[in-house]
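Colleague: Please show me the model, and then I will ask about its strands and salt bridges.

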Amino acid sequence: MTQPIELDLRHLPSPQPLLRALEAADALPPGEQLTIVAPMFPRPLLMELAQLGFEAEPGEPQADGSVRVQIRRPDDAEAAA
């Protein structure tokens, strides 16, 4: 397992947080995960990740409206199940 990756996407204009999060998720090896910090609750991102077969766990919104999301690509054995 590699070192945890965290991307802070709060400073980016829309739609860059969505696009960068999807790009980072796509680059994950099977079984690995990353954390993003989205500027707001990322409902479209969560829906897209689910359709692509990723696991995504959003945290509670923070005072500034941002949300941390754990994104994980299932390993090959999990994807086949």
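Modeller: This is a predicted model. To begin with one residue, Arg-10 has a relative accessible area of 37%, so Arg-10 counts as partly exposed.

Colleague: Which side chain meets Arg-10 in a salt bridge?

Modeller: The nitrogen and oxygen of this pair are 2.6 Å apart. The partner is also partly exposed, at 33% relative accessibility. Arg-10 pairs with Asp-8.

Colleague: How far apart in sequence are the parts that Asp-26 and Arg-73 tie together?

Modeller: Asp-26 and Arg-73 form a salt bridge, with their closest N and O atoms 3.8 Å apart. Asp-26 belongs to helix 1 (residues 16-26), while Arg-73 sits in the loop between strand 4 and helix 3 (76-80), so the parts they tie together are separated in sequence by 47 residues.

Colleague: Is Asp-26 buried or exposed?

Modeller: Exposed means over 50% relative accessible area. Asp-26 has 57%, so the residue is exposed.

Colleague: Which residue forms a salt bridge with Glu-6?

Modeller: Glu-6 lies in strand 1 (residues 5-8) and its partner in strand 4, so the pair ties together parts 62 residues apart in sequence. The closest N and O atoms are 2.3 Å apart. The partner is partly exposed, at 39% relative accessibility. The residue is Arg-68.

Colleague: How many bridges pair strand 2 with strand 4?

Modeller: Strand 2 covers residues 33-38 and strand 4 covers residues 67-72. In this pairing, Val-37 stands opposite Arg-68. The two strands run antiparallel, and the number of bridges is six.

Terms used. Residues are numbered from 1 along each chain as its sequence is written. This is a predicted model: local features need pLDDT of at least 70, side-chain atom pairs count only at pLDDT 80 or more; totals for chains, interfaces and linings use all residues. Side-chain values use heavy atoms; hydrogens and water are left out. Two strands pair if DSSP finds at least two bridges between them. Helices (H or I, at least four residues) and strands (E, at least two) are DSSP runs, numbered from the N terminus. A salt bridge is a side-chain nitrogen of Lys or Arg within 4 Å of a carboxyl oxygen of Asp or Glu. Buried means under 20% relative accessible area, exposed over 50%, partly exposed in between (1.4 Å probe, protein chains only).
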